[in-house]
Amino acid sequence: MSFYNGILNLTGWTGNVILPTLAGLFLAIAVLQFSRGATYSHAMYGGFLCLMSSGLLRAFETFASQRTWNDPDLFWVASISLVDWICNVLLPLYAALQVAAGGMQLAGVTNRFQPITWMRQFTAAGLCLLVSGLLRLGEFFVTQG
């Protein structure tokens with residue numbers, strides 16, 4: 001076994017076993033502190049941080065495992081996949097969330113009606129879709145050569 005494989009197995013074990021276990025422990029502590037009326041936010045944030053670290057590690061493994069370990073374009077392909085996923089999946093979902101939040105503000109569902117807030121939310125949604133569309137246009141031109 002090489003040092004590289006040992007480090008890879010250690011990070012996989014930490015991200016897939018230890019961090020979710022610690023997240024469960026932190027969240028259980030947060031529930032106990034909440035039931036006693038004590039400050040529970042630190043334990044809750046610790047649990048969410050453990051889950052987020054585990055999820056990010058799994059995402060990086062997915063993006064990096066698309067090519068063989070000795071491919072010189074491994075980092076480039078992983079970076080492109082990450083950018084594609086963010087711009088083609090997350091940005092349109094965030095735009096839809098911003099349109100829904102702006103519509104609720106505009107309809108007066110919330111207590112505070114601030115005209116600047118809903119305009120900013122619609123502008124953010126438009127910018128998200130603009131960036132996503134420009135990236136897709138760039139992908140089209142690159143693939144057409």
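Buried here means under 20% relative accessible area, exposed means over 50%, and partly exposed is anything in between (1.4 Å probe, protein chains only). By that yardstick Thr 117 is buried, since its relative accessible area is 11%. The structure is a predicted model, in which local features need pLDDT of at least 70 and side-chain atom pairs count only at pLDDT 80 or more, while totals for chains, interfaces and linings use all residues. Residues are numbered from 1 along each chain as its sequence is written, and side-chain values use heavy atoms, with hydrogens and water left out.

Thr 117 belongs to helix H4, which runs over residues 115–144. Helices (H or I, at least four residues) and strands (E, at least two) are DSSP runs numbered from the N terminus. From Thr 117 to Ile 18 there are 99 residues along the chain, and 41 Å between the C-alpha atoms.

Turning to the cysteines, a disulfide is a covalent bond between the sulfur atoms of two cysteines. With the cut-off set at a pair of cysteine sulfur atoms within 2.5 Å, zero disulfides turn up in the structure. For Cys 87, the closest cysteine sulfur is that of Cys 128, and at 9.5 Å it is too far for a bond. Cys 87 is buried, at 13% relative accessible area, and Cys 128 is buried too, at 9%. Cys 50 also counts as buried, because its relative accessibility is 9%. Cys 128 sits in helix H4; its C-alpha lies 9.2 Å from that of Leu 90, with the two positions 38 residues apart in sequence.

Helix H4 also carries Leu 127, which is partly exposed at 47% relative accessible area. Leu 127 joins Leu 130, Leu 134, Leu 137, Phe 140 and Phe 141 in a nonpolar surface patch of about 600 Å². Patches take residues with over 30% relative accessible area and no salt bridge, joining like charges within 9 Å and nonpolar side chains (Val, Leu, Ile, Met, Phe, Trp, Tyr) within 5 Å. A salt bridge, in turn, is a side-chain nitrogen of Lys or Arg within 4 Å of a carboxyl oxygen of Asp or Glu.

The second largest pocket holds about 150 Å³ of space. Its lining is made up of Ile 80, Val 83, Asp 84, Leu 135, Gly 138, Glu 139, Val 142 and Thr 143. Helix H3 (74–107) and H4 are the elements that give two or more residues to this lining, and H4 gives the most, with five. A pocket is an open set of points on a 1 Å grid over the protein atoms alone, where a 1.4 Å probe fits and protein lies on both sides within 12 Å along at least five of seven lines; lining residues have an atom within 4 Å of a point.

Helix H3 also includes Ser 79, which is partly exposed at 26% relative accessible area. Ser 79 and Asn 9 are 70 residues apart in sequence, and their C-alpha atoms are 22 Å apart in space. Gly 103 is in helix H3 as well, and at 29% relative accessibility it counts as partly exposed. Between Gly 103 and Gln 121, 18 residues apart along the chain, the C-alpha separation is 9.0 Å.

Methods:
Accessible areas come from the Shrake-Rupley method with a 1.4 Å probe; for residues, only the protein chains shown count as cover. Grid points are joined across faces, edges and corners, and a volume is the space filled by probe spheres set on the points.
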